[in-house]
Amino acid sequence: MFSFESMIAWRFLKESRLQTILILLGIIIGVSVQIFLSSLISGLQRNLIEQTVGDSPHILLKAQENSPQSILQKGNQSLVIPIITAAKKDAYILSYQPLLKKLDTFPNLKIVSSLVEGSGFITKAEVSRPVVVKGIFLDRADGIYKIIQRVNNGKAVLGGTGVLIGRGLAEDLKIETGSIIEIRTSEGNSGAFAVNGIFDFENAAINSSWIFMDIFRSQALFDLNGAISRIEMQIDQVFQSENIAQKIKKDNPDFLIETWQSNNRQLLSALQSQSASSYMIQFFVLLAVTLGIASVLAIAAVQKSREIGILKAMGTRTNSASRIFLIQGAVLGLSGSILGSLVGVGLIKMFQIASQSGGALSFSIQVEFRTAISLIVISTIASIGAALFPARKAASLVPIEVIRNG
């Protein structure tokens with residue numbers, strides 16, 4: 001019986017070619033717009049997240065900032081030790097190596113890097129500029145900041161008095177690789193350093209202020225006696241930072257844990273609003289397509305009422321008569337959504353070509369297979385739902401009255 005219903009449904013679709021083409025066009029346009037819109041917004045969001053947290057730590061572990069203390073790990077206990085500098089009291093982490101090893105084995109952490117950070121001034125030829133000094137283990141920090149690949153002049157080598165500086169700072173003070181510079185801290189400590197390499201983060205603020213040096217040399221420069229400022233971490237799933245941070249906090253309750261999400265509330269709010277507006281637009285596009293299918297199939301049900309009445313008079317069951325229109329809805333929804341997905345991919349390719357030729361596109365747009373499948377399934381279900389009204393109308397037809405009234 002199903003093959004009979006399919007045959008009748010296909011026949012009705014062929015006999016009403018114009019209506020069939022209009023429905024297919026509506027589905028194709030609706031699905032292609034959804035594919036294009038969702039891919040465009042997803043690409044934009046990925047780009048924003050990549051620019052914001054792609055080359056920065058996702059989770060930070062610090063000593064408590066609300067009190068002048070440092071944390072010394074000894075066994076399973078934490079000892080509070082004050083660190084007093086000439087100008088102010090800061091919180092540092094002492095004896096951090098055991099904590100670093102512990103975090104190295106923590107699940108879901110991709111990169112764990114210790115950091116000494118302090119402010120100071122760089123001086124060359126009696127010209128000074130404020131800088132941020134970052135003491136690092138290069139092999140660890142490179143996993144976060146991609147330092148080695150960004151050194152485009154000189155060598156990415158730290159150790160002893162060697163440092164890496166930004167391109168903006170080098171151009172401002174006319175510094176070249178091999179130049180000797182003086183770095184002076186706000187506490188009055190100073191030292192002479194050799195520029196081993198010049199990096200370019202493609203960020204004016206970073207290029208004109210950051211200086212990387214070996215972590216042990218930075219500890220000596222800031223008189224930290226082996227302490228560090230914080231531990232920086234990166235994870236694979238950036239939106240899981242809050243969950244992972246809670247687990248780290250549970251194992252290390254004496255430390256302050258921060259995440260990129262907690263430090264970028266405005267960005268997250270903007271992304272959520274962007275996603276909500278995208279879903280709203282897609283919903284109304286789908287609703288418009290569904291209503292269009294329902295109205296066209298309802299007209300088709302009226303037009304085919306005589307044929308349906310004859311079929312029912314010949315013994316076709318009511319459920320079978322209804323199923324004819326449901327099959328039409330399924331065929332139209334499935335074929336239209338598949339074609340619409342292909343058209344959507346084509347629109348994205350055309351948009352990429354046009355944008356790249358004009359130099360306007362600075363991020364990639366990718367169609368996710370899962371998104372396309374979801375839209376095909378949703379559109380097919382919506383088309384079947386749109387066919388329910390004409391199906392019920394066909395089921396309610398009385399054969400004698402339809403044949404008698406024509």
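In this predicted model, Arg230 and Glu117 join their side chains in a salt bridge, with 3.2 Å from N to O. Arg230 belongs to strand E12 (residues 230-235) and Glu117 to strand E5, so this contact ties together parts that are 113 residues apart in sequence. The bridge is part of a network, and one member of that network, Lys134, also lies over the face of Trp210. Below is a tour of the charges, the rings, two helices, a surface patch and some backbone spots.

**The salt-bridge network**

- A total of nine salt bridges turn up in the structure.
- Four residues are linked in a network of such bridges: Glu117, Lys134, Arg230 and Glu232.
- Glu117 also meets the side chain of Lys134, at 2.4 Å from N to O. Lys134 sits in strand E6 (residues 127-136) and Glu117 in strand E5 (residues 109-124), so this pair ties together parts that are 17 residues apart in sequence.
- Arg230 has a salt bridge with Glu232 as well, where the closest N and O atoms are 3.2 Å apart.
- How covered up are these charges? Lys134 counts as buried, because its relative accessibility is 3% and the cut-off for buried is under 20%. Arg230 is buried too, with a relative accessible area of 13%, and so is Glu232.
- Glu117 is partly exposed, at 29% relative accessibility.

**The aromatic cluster**

- Searching the whole structure gives eleven aromatic pairs.
- One of them is Phe201 with Phe212, a stacked pair with ring centres 6.2 Å apart and 25° between the planes. Phe201 comes from the loop between strand E10 (190-199) and helix H7 (204-207), while Phe212 comes from strand E11 (residues 210-214); the two are eleven residues apart, and the pair links distant parts of the chain.
- Both partners are tucked away: Phe201 is buried at 9% relative accessible area, and Phe212 is buried at 0%.
- Which residues do ring pairs link into a cluster? They are Tyr145, Phe199, Phe201, Trp210 and Phe212.
- Here the rings and the charges meet: Lys134 lies over the face of Trp210, 4.4 Å from the ring centre.

**Two helices, each with its buried residues on one side**

- Helix H4 (residues 138-145) has Leu138, Ala141, Asp142, Ile144 and Tyr145 buried. These residues span an arc of only 160° around the axis, which puts them on the same side of H4.
- Tyr145, one of those buried H4 residues, is also a member of the ring cluster.
- Helix H9 (residues 241-251) has Ser241, Ile244, Ala245 and Ile248 as its buried residues. Their arc around the axis is only 100°, which places them on the same side of H9.
- Gln246 and Lys250 are exposed on the other side of H9.
- The background here is helix geometry: an α-helix has 3.6 residues a turn, so residues three or four places apart point the same way.

**A nonpolar patch on the surface**

- Leu18, Ile21, Leu22, Leu25, Ile29 and Val33 make a nonpolar surface patch of about 570 Å².
- Among them, Leu22 is in helix H2 (residues 17-54).

**Backbone spots to look at**

- Most residues other than glycine have a negative phi, which gives the next three bullets their context.
- Ser95 is not a glycine, yet has a positive phi of about 45°. Ser95 is in the loop between strand E4 (93-94) and helix H3 (97-104), and is partly exposed with a relative accessible area of 27%.
- Asn225, again a residue other than glycine, has a positive phi near 55°. Asn225 sits in the loop between helix H8 (215-221) and E12, and is exposed with a relative accessible area of 72%.
- Lys146, just after H4, takes a positive phi of about 55°.
- Gly162 is in strand E8 (residues 162-166) and is buried, with a relative accessible area of 4%. Where sequence and space are concerned, Gly162 and Asn196 are 34 residues apart along the chain and 5.7 Å apart from C-alpha to C-alpha.

Conventions:
Residues numbered from 1 in each chain as written. Predicted model: local features only at pLDDT ≥ 70, side-chain atom pairs only at ≥ 80, totals over all residues. Heavy atoms only, no water. Phe/Tyr/Trp six-rings, centres within 6.5 Å; stacked < 30°, edge-to-face > 60°. Helix = DSSP H or I, 4+ residues; strand = E, 2+ residues; numbered from the N terminus. Buried < 20%, exposed > 50% of the residue type's maximum accessible area, 1.4 Å probe, protein only. Lys NZ or Arg CZ within 6 Å of the ring centre and 35° of its normal. Patch = residues over 30% accessible without salt bridge, like charges linked within 9 Å, V, L, I, M, F, W, Y side chains within 5 Å. Areas by Shrake-Rupley, 256 points an atom, 1.4 Å probe, with all protein chains shown as cover. Arc of directions from axis to C-beta.
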